[in-house]
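Welcome, and thanks for joining this tour. Please open your viewer and get ready to select a few things one after another.

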Amino acid sequence: MSNASLTDQRPPSSLRGATLPKWFAWAVAAGAVLLGLGISFAAGLDSSIQWALIAAVLFVAGSYGISAKVEGRRQAKDRTATSLVWVAFLLAIIPLASLIWTTVKRGVKVLDGYFLTHSMGYVRDTEPGGGIYHAILGTLEQVGIATVIAVPIGVLTAIYLVEYGRGKLAKAVTFFVDVMTGIPSIVAGLFILSLWILILDMGYSGFAGSMALAILMIPVVVRSTEEMLKLVPNELREASLALGVPKWRTIIKVVLPTSIGGITTGIMLAIARIAGETAPVLLLVWVTNLINANPFKDPQASLPMYIYLQFINSGGQGAAYDRAWAAALTLIAFIMILNLVARGIARWKAPKTGR
Amino acid sequence: MAKRIDVSGLNAYYGSFLAIEDISMTVEPRSVTAFIGPSGCGKSTFLRTLNRMHEVTPGGRVDGKVMLDDENLYGPGIDPVAVRREVGMVFQRPNPFPTMSVYDNVAAGLRLNGRYKKSEMDDVVEKSLKGANLWNEVKDRLNKPGSGLSGGQQQRLCIARAIAVEPNVLLMDEPCSALDPISTLAIEDLIGELKERFTIVIVTHNMQQAARVSDRTAFFNLAAVGQPGKLIEIDETERIFSNPSVQATEDYISGRFG
Amino acid sequence: MDISTQNPTSPPTPQPTEAEAKRAARGATRPGDRIFVGLSRGSGIFVLVLMGAIAAFLTYRASIAISKDEANFFTSFDWNPAGVPPEFGIAVLAFGTVVSSIIAMAIAVPIAVGIALFITHYAPRKLGGTIAFVVDLLAAVPSIVYGLWGVLVLVPHLNGLYGWLDTYLGWTGVFEWSGGPARSLLAVGILLAIMILPIITNVSREVFRQVPRMHEEAALALGATRWEVIRMSVLPFGRSGIISASMLGLGRALGETMAVAMVLSPTFDINASLLDAGGGTFAQNIASKFNEASPMGRDALIASGLVLFVITLLVNGAARMIISRRKEYSGANA
């Protein structure tokens, strides 16, 4: 029955393809890097980006060519895909590693106890000294108020969507929460600007910024809480309801405690996301060099705006520039710690239902 | 086409856990060999070592020898991709490619292996679908998605897909466990026809099915949970079901455990 | 199971009758239930009202500005809202926003898909997990820090690339470079690409991870190489996911403010070359001009913000539509 034309296309020993050794990819990679460096040197190119790109192209082309010769077209394609995926990974790692490295290297220069515990006061841009105490205070207050506004609304909305929501209203809420996730932060800032500052004629204040940050935070809280509530098995709800416990008490006493770990994680990730927001703060809070502990009146400093201010005033060097990097390092550290703690909680409180 | 499989001293691991231990057996060409045994005894794992699919599971590792006629599948320089082309497989749940049409599903394996003229391809697709007893049901909707067929039709589509590349051996991992009785019957009939052309190995939970379709039956068992699975015996199906040489086999077949 | 032990407050009640259980399940009959439902539904409605309010207030302020605009708001190349008469338009901003986002997408999408595949299908398991974690963390780096890094590290490093592009591709006009600092739309596009990499990677990774194992095994069992498995089962399954991931990334790129404001040296002008100063983006323009804006200028900026809002709304809405359609599609086949 066998179709002769098909069988004939197979190589005689069909199981044993010519295979290049395992070190082949490494050898080609090393060759490509050397050749890339050589070409760059010969052509007088000095940018590391250029020789890296040349090396990457050589690597992909070289491994395809050799493999196509030895192993055949299919294997060569497979190898090309593998090399491209590796190249993509390396291409992405380089800038990201550089970002972290630069921030840490530049940031540790002036980052110390003094820097964290003093405000700028009347330190001039060109002078060393000063610190970010006022900015940390402002960021904590603004983010804190935003959290107090956003969390109840976000969690309740999620409860509505998971436990009660049926029909058109729930669909609309789900859709708009999703869309809200994508609102640019500057637009949220403009909204509070037009409502609070231009129409109600209030001045700059930390609170105005908090409201914009809350707008950015709500959808994140809703989405993560929703996901967590959906993970709670229905059997638990039914078990409680079947005992005659009212639904609202079931939610508060059974559903929420079961998912509290995940909800906390989601909230902390949301906080981490808004803590670095600059644009709305720029429009609504502005910045000051002095300590302003009252978030409801007058401009207040915050870490992102502090970085921005020091950066524009520095002209790319000097004391203000160092301070900008040190504040950036502080901000990144703060956000990373929030992230790590959030993930720790998620792991520690993970529902032990065993999937 | 059909080739003999000769396994000797085969162990398979998941990480450091030994899942099946020291299996040796011969599978005759142009016959149906059924693997039976309680859950977790390693019969599916063993089946997947026969086309080197076991090693795609994270931590999966095999030692021992599997001879396909005169070539060791685990020998040096053997390309697992080529092995899987020679040893086709049908899975427990029908798994046609959801984004492909019926036609493209059958043609998928051939397209990997070079270019065919449209007419050649049409011929192979038609012949494979006929071979899987599916042609009459789908010939008018070859361009509809394969996932739109019924479960039994999907499974026969998967069989057509597997035989389209003309493998030497066809492995079937509980091919009927997700199907209704009528579809099961259709597949069993089909197995009877396919054994004219292929070496067939089938894992099944259903002992009546093993008795109905297979020429030889292998019984696998494990001493306890956490212990490796072992081959207890392999013999003519008739003997296994009437007069097995090991007590455990008789206990299992007569329903005393498992 | 350990929930019942965590819940010591529920008293041991006698087995309720079926009718009681049903009533309880229906809920919203007791005052407690009514209040709770009201609160949670109220929050949901609040979210809708909030979205409406954002649109309404932006539109209101924007209409004040646009009604006084003597130039065509959509086609004018000027931005002089404080002038007499005020003349301003968003043509330059629209151009800059679209061009920088296109550059960002062209760079970021293939690389992000590559990284996602690397994590799910190529890297050893542990390495994949670590990378996924690092990518998660990088998604959290604030844009102001990206901006700082962009100015200090990225822009100087781009000089070589700019020179090279000018030498070999300068004749196209698009890559002509007159030698100023590399703070043009191309630099912005590259920086945006780096910034949106994490989100596109994360979403695509999730989608690739959901590809049913049995589809991949089907391809493997036919004798497919790893790349063929990806092409036959992973990419077709993940296509709509990649599209929506890209659109989420696009949404981010369109609205990115601080990093662009720090890196771009803006001119209110459209320049055919991507390497020379020229253009601006909606968000960048708002941040850069806000501080010195007159009352009229603020309203004009709000008007441009409204346009940005509408664009991101459309992009994100489309992305969500695609995702939800995919759910129905894969659900039908599960």
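Is B:Q154 buried or exposed? Keep in mind that this is a predicted model. Select B:Q154 and look around: 23 other C-beta atoms lie within 10 Å of its own. A residue counts as buried when that number is 20 or more, so B:Q154 is buried.

Now colour the stretch it belongs to. B:Q154 sits in helix α6 of chain B, which covers residues 151–164. Leaving aside residues up to four places away in sequence, you will find B:Q154 touching B:P94, B:P96, B:G146 and B:L149. For a sense of scale, add B:N143 to your selection: 11 residues separate B:N143 from B:Q154 along the sequence, and their C-alpha atoms are 14 Å apart in space.

**Next stop: chain A**

Select residues 2–107 of chain A for domain 1, then residues 133–348 for domain 2. Over C-alpha atoms, the centres of these two domains are 43 Å apart. Where they meet, domain 1 offers 4 residues and domain 2 offers 5. On the domain 1 side of that contact, you can pick out 1 nonpolar, 2 polar and 1 charged residue.

Stay in chain A and show two helices: α6, residues 133–164, and α9, residues 206–231. How do they pack? Their axes are 6 Å apart and meet at an angle of about 40°. Turn the view until one helix lies in front of the other, and you will be looking at a right-handed crossing of α6(A) and α9(A). The residues of this contact comprise 21 nonpolar, 8 polar and 3 charged.

**On to chain C, against chain A**

Show chains A and C together. How many residues does each chain bring to their contact? Chain C brings 81 and chain A brings 88. On the chain C side, highlight helix α3, residues 31–68, which gives the most, with 18 residues. Colour that side by class and you will get 50 nonpolar, 22 polar and 9 charged residues.

**Last stop: annotated spans of chain C**

An unreviewed UniProt entry marks residues 44–68, 88–119, 131–155, 185–204 and 300–319 of chain C as "transmembrane region". Try two of them. Select 131–155 of chain C: this span is 84% helix and 0% strand, and its end C-alpha atoms are 26 Å apart. Then select 185–204 of chain C, where the span is 100% helix and 0% strand, with 27 Å between the end C-alpha atoms.

Definitions and conventions. Residues are numbered from 1 along each chain as its sequence is written. Chains are lettered from A and ligands numbered from 1 in the order in which they are written. This is a predicted model: local features need pLDDT of at least 70, side-chain atom pairs count only at pLDDT 80 or more; totals for chains, interfaces and linings use all residues. Domain bounds come from an automatic or database domain assignment. Two residues are in contact if their C-beta atoms, placed from the backbone, lie within 7 Å. Ala, Val, Leu, Ile, Met, Phe, Trp, Tyr, Cys and Pro count as nonpolar, Asp, Glu, Lys and Arg as charged, and the others, Gly among them, as polar. UniProt positions are given in the numbering used here, feature names are shortened, and annotations may be inferred rather than shown by experiment. Helices (H or I, at least four residues) and strands (E, at least two) are DSSP runs, numbered from the N terminus. A residue is buried if 20 or more other C-beta atoms lie within 10 Å of its own, exposed if 12 or fewer, and partly exposed in between; C-beta atoms are placed from the backbone. Axes are lines fitted to C-alpha atoms, for helices over the stretch in contact, and angles run from 0 to 180 degrees between N-to-C directions. A crossing is left-handed if the near helix is turned anticlockwise from the far one by less than a right angle, and right-handed if clockwise.
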